[in-house]
Amino acid sequence: LYSGGCPHQCSYCYVPSVLHKTRDQWLAEPCQPRAGVIEQLDKDLACWTRGREALLSTEKKPQVFLCVTCDPYPRGVDTETTRQAIEVIHRHGLGVRILTKGRMVAARDLPLLGQRDAFGVTLTSLTPSIWEPYAAPPSLRLGVLQAAKERGIPTWASLEPVMWREDTLACIEALVGMADEVKIGRLNYDSRAVSTDWRKFAREASALCERLGLRYTLKEDLRRLL
């Protein structure tokens, strides 16, 4: 939905490498809505949904994920484009799956969401981190997640990347009753990942989720260690 560098500037972000740019090149580009993205989304969905009436009539509707190479609620940017995208996706009979580190502006769009959708936040710690210098503080992210839960919207959390095992285990405990599901993935492509016993962590995280009755998914790089 948005082009240019993400204003959250998380140090572990993989997007510059995906876009084949240096981090400095990426951040030098202003974050802004992609030109014509809503019109193109409308056309793409019209094409994709054609002939899939049976699938769209099921109770568990397919969801469109927002977003992969940007945050749907970037700091300091007008996010009306995200709101328009949600409305277009719904108009085509699909749900949305949101993942954000954004501030309370995300709460503005919660009235648009319902049972066919899912609202989630990324957490690496319960306290502000130097690795996420301009993302919303974890307490604000949890506040929006709680607001979504109280509205009856399916909720989830992405605990990725795992920076410090103790922080992620604390996040798991804090999310009980707030997130319907957590997805857990290790830190990759970073020298800081070498010092972590990932096999031990995968066992600890899965055991904790099971003890707490929290639905969870280990990403493939952790799951294969079990």
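In the predicted model, strand β6 contributes the most to the lining of the largest pocket, supplying 4 residues. This pocket encloses about 840 Å³ of space. Its lining comprises 33 residues, and those closest to the pocket centre are Tyr12, Tyr14, Lys101, Glu160 and Pro161. Besides β6 (155–162), the elements that give two or more residues to this lining are α1 (15–18), β4 (95–100) and β7 (181–186). Classified by residue type, the lining of the largest pocket consists of 17 nonpolar, 9 polar and 7 charged residues.

The second largest pocket holds about 390 Å³ of space. A set of 17 residues lines this second pocket, with Lys60, Gln63, Gln115, Asp117 and Pro154 lying nearest its centre. Charged residues account for 9 members of the lining of the second largest pocket, while the nonpolar and polar classes are represented by 4 residues each.

With respect to enclosed space, a search of the whole structure identifies 1 cavity of 30 Å³ or more. The volume of the largest cavity is about 30 Å³. Its wall includes residues from the start of the numbering, namely Tyr2, Ser3, Gly4, Gly5, Cys6 and Pro7, and is completed by Cys31, Cys70, Asp71 and Pro74. In terms of class, 6 of the residues lining the largest cavity are nonpolar, 3 are polar and 1 is charged.

The packing of two helices was also examined. Helix α3 (residues 37–49) packs with helix α5 (residues 80–91) at an angle of about 15°, and the two axes are 10 Å apart. Because angles under 35 degrees count as roughly parallel, α3 and α5 are therefore roughly parallel to each other. The crossing of α3 and α5 is right-handed. On the α3 side, the contact is formed by Val37, Ile38, Leu41, Asp42 and Leu45, and on the α5 side by Thr81, Gln84, Ala85, Val88, Ile89 and Arg91. The residues of this contact between α3 and α5 comprise 7 nonpolar, 2 polar and 2 charged. Among the nonpolar participants are Val37, Ile38, Leu41 and Leu45 of α3, together with Ala85, Val88 and Ile89 of α5. The charged participants are Asp42 of α3 and Arg91 of α5, and the polar ones are Thr81 and Gln84 of α5.

Methods: Residues are numbered from 1 along each chain as its sequence is written. This is a predicted model: local features need pLDDT of at least 70, side-chain atom pairs count only at pLDDT 80 or more; totals for chains, interfaces and linings use all residues. Side-chain values use heavy atoms; hydrogens and water are left out. On a 1 Å grid over the protein atoms alone, a cavity is a set of points where a 1.4 Å probe fits but cannot get out, and a pocket is an open set with protein on both sides within 12 Å along at least five of seven lines; lining residues have an atom within 4 Å of a point. Grid points are joined across faces, edges and corners, and a volume is the space filled by probe spheres set on the points. Axes are lines fitted to C-alpha atoms, for helices over the stretch in contact, and angles run from 0 to 180 degrees between N-to-C directions. Angles under 35 degrees count as roughly parallel, over 145 as roughly antiparallel, 65 to 115 as roughly perpendicular and the rest as oblique. A crossing is left-handed if the near helix is turned anticlockwise from the far one by less than a right angle, and right-handed if clockwise. Contact means heavy atoms within 4.5 Å.
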